[in-house]
Amino acid sequence: MQFSCDRSTVRTCFLSASSDFGVLSVHNTGWRAATIAMTTTLADSLRELYKFSAVDYGVFASMLILSAACGIYFGFFKRTTPQTPESSDDECGPPVGTPPGVSRSKRRVTSYGSTSMDEYLLGSRKLKAFPVAMSLVAGYISGVTILGTPSEIYNFGTQYWLIIVPIVLMGVAVCSIYLPVFCSLKLNSSYEYLELRFNSSVRSIASVMFVLDELFFLPMIIYVPALAFNQVTGFNLYIIGAIVCVVCIFYTLLGGIKAVVFTDAWQVVVMFISVVIVVILGTIAIGGPEIIWDRSEVGGRLEFFNLDPSMYERQTMWSVLIGGFFYWTSFNSVNQTMVQRYMSLPNLKKAKLSIAMFTVGMGVFVSVCCYAGLLIYAHYYRCDPMSVGLVKTDDQLFPHYVMEIVGHLQGIPGLFIAGVFGAALSSLSVVLNSTSAVLLEDILKGMFRVNPSPRVANIFVRSSVVVLGLAAMGCLFIIEKLGGILSVATSLSAIAAGTTCGIFTLGMLVPWSNSKGALFGGVSGALMSGWVSLGAQFASANGQIMPHKLPISVDGCAADLVSNSTIVNPIYPDGTGIFPLYRLSYHWITPIGVVTVMIVGTIVSFLTEPRNLKDIDPELISPVIHRFLPQESFGNYGSASKDVPLHFTEEMRPAAYGTERSSTKSKRSH
């Protein structure tokens, strides 16, 4: 059945062509439909409707202009003048477990204004808790999260929504186990800890793994939202991707972490407002939450307590709670992109406050995205847009819904896409800033033992930002041709996160572990998680494994859409012949990496002369373990950080308790 709609009758055509459950809510098309040229099919007419107005482009452009303005402001007008701060409330005090009488001495800080690496990469450790918390949210939420979470709920149900529990547990773990150690040591890169606790080889392996992981991740940050922009505007995705990359490079290059944090703060507000507005309008248009809930229940989308013990199921309560906790903790506890912003705060109390706000913010944002998935399903529950060819990928589902429901409201689609790109910008800027810090601290200084002057360090870091940004831009032009490599890159993130977190956890929670244990554990963890992850990816690419999506329907689609589409019921392969580890849910990859590192690292340490607990520096051990350390070890407090090289500032480590320690040793020798 064909539909021919001219400019004056297109609205009537839609009315006669679509049922109540069709792909288009007719009352939302508005008078913009009158500008649509004659088309031969309903599907073509629908696609023509979804175009940006001048107002939408203006909203999107405003987001880019404001982002660039932040870089100019913090790069030229908001500079830190050289000063010598007094100690105390603005310094991270001794962590829990520090013996009575041991205190931090005042430290002298030199600053080079806008050229200071301390200011550029750490904001002189004087940022505020709220903007940093918003930056953490913005940095963690990429366009992939905004577009991917609703499609996950749409295709697999609400079991994933339980992820908010691991998010809360992650916040508790980070604040109690990892953060006190980093705050006490005040290091420039989180990977410096590994050299203090183990040796330079462990540090080099972890830092190189981080850099490679971020290099693979960079182009995906921009590609996914650019694809969404292309979906709703028809604009060339490579051109818009390149424009966004240039803007991000610009403000990150000029303003450093201050521009990154404050730009992230307002971008996350745009993100949240844009998604919430769409959700509210969509809920009103469909008739209320009750209808959404009822249709989702009928469609089998409501599932919160799948107690199936099988580790092969994509989403179960166990995989989401356990795997989710390990993944979220791995990324947020020791990854440089997160730790660098924790260290930009003046003390442990404010860092914990920031993480608390970050945890609440993430829980709320993820919940809104999950609800959006149910909303989209309730709207399309009798006409799946992918089955009839209106969208090609899961990531285009949410943008398609937005243009259909609120496309007639000028400015709202632009606000939504601005929110998606704001998420991409924030993630990209954080990666650029953090990776440049690791290249300076861990690669140039740590691995190659080059100690550049402040001026050379400044040039190196800013050049790294430009090169990394251009690399991300260049990859946009080849990423579509990479095919399965994208899945491999995604797997590498889980491998790097699990392995690195495992090594840090081994160092902080297993005090007798040694450098050989860390090396063997790290290599074993990477190989094990890599084996599982990459094996699963290759099996999936060969069609041996396919995620079992929940049933969808096209019974309510307009006849034109169905007749012009090939509806094929998916045939899922029998995975019983596949190697068992390749069939595991993706949630288990990170736990496998962390647990393997811990087990192998602990055993190897025991077999190769475990660390003498009396000689260990308690500052390198998490406060939750301090009660189990021998009292003699506290005489070594601060000894490990005593010889930390001078980096961003003249002294970025805690003051060594030289006088107290020397006098104690002197008394013992007599």
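## Charged pairs, a disulfide and the nonpolar core

Lys549 is partly exposed, because its relative accessible area is 31%. In this predicted model, the side chain of Lys549 meets that of Asp394 in a salt bridge, with N and O 3.6 Å apart. The two residues belong to distant parts of the chain, 155 residues apart, with Lys549 in the loop between helix 19 and helix 20 and Asp394 in the loop between helix 14 and helix 15. Asp394 is likewise partly exposed, its relative accessible area being 25%.

The same two loops also supply the partners of a disulfide: Cys383 lies in the loop between helix 14 (348–380) and helix 15 (397–406), and Cys557 in the loop between helix 19 (515–541) and helix 20 (559–563), 174 residues apart. Their sulfur atoms are separated by 1.8 Å, and the count of disulfides in the model comes to 1. The torsion about the S-S bond is about 105°, so the disulfide formed by Cys383 and Cys557 is right-handed. Cys383 counts as buried because its relative accessibility is 0%, and Cys557 is buried with a relative accessible area of 11%. Why does Cys475 not bond to Cys245? The closest cysteine sulfur to that of Cys475 is in Cys245, and the two are 9.6 Å apart, which is too far for a bond. Cys475 is partly exposed, with a relative accessible area of 27%, whereas Cys175 is buried at 15%.

Salt bridges number 8 over the whole structure. Side chains of opposite charge can pair when their charged atoms come close. Three of these pairs are set out below.

| Acidic residue | Basic residue | N to O distance |
|---|---|---|
| Glu119 | Lys258 | 3.2 Å |
| Glu152 | Arg314 | 2.9 Å |
| Asp394 | Lys549 | 3.6 Å |

The salt bridge between Glu119 and Lys258 links distant parts of the chain, with Glu119 in helix 4 (residues 117–122) and Lys258 in helix 10, 139 residues apart. Both Glu119 and Lys258 are buried. For the salt bridge between Glu152 and Arg314, the partners are 162 residues apart, Glu152 in helix 6 (residues 143–156) and Arg314 in the loop between helix 11 (289–298) and helix 12 (317–334). Here Glu152 counts as buried at 10% relative accessibility, while Arg314, at 28%, counts as partly exposed. In addition, Glu195, Arg203, Asp442 and Arg449 are linked in a network of salt bridges.

Glu441, which is placed in helix 16 (residues 412–447), is buried with a relative accessible area of 0%. Its side chain makes a polar contact of 3.2 Å with the side chain of Lys445, and its C-alpha atom is separated by 7.3 Å from that of Asn188, although their positions lie 253 residues apart along the chain.

The largest nonpolar core has 155 residues, and those with the most contacts inside it are Phe60, Ile146, Tyr193 and Phe398. Helix 10 (residues 237–286) provides the largest share of this core, with 21 residues. Beyond residues up to four places away in sequence, Tyr193 touches Val181, Phe182, Leu185, Leu187, Phe504, Gly507, Met508 and Leu620.

Helix 21 (residues 589–607) has 19 residues, which should span 27 Å at 1.5 Å a residue, and this agrees with the 27 Å between its end C-alpha atoms. Just after helix 21, Glu609 takes a positive phi of about 65°.

Methods. Residues numbered from 1 in each chain as written. Predicted model: local features only at pLDDT ≥ 70, side-chain atom pairs only at ≥ 80, totals over all residues. Heavy atoms only, no water. Core = buried A, V, L, I, M, F, W, Y, C linked by side-chain atoms within 4.5 Å. Buried < 20%, exposed > 50% of the residue type's maximum accessible area, 1.4 Å probe, protein only. Helix = DSSP H or I, 4+ residues; strand = E, 2+ residues; numbered from the N terminus. Contact = heavy atoms within 4.5 Å. Disulfide = S-S within 2.5 Å. Polar contact = N/O pair within 3.5 Å; in protein donor to acceptor, adjacent residues only side chain to side chain. Expected span 1.5 Å × (residues − 1). Salt bridge = Lys/Arg side-chain N within 4 Å of Asp/Glu carboxyl O.
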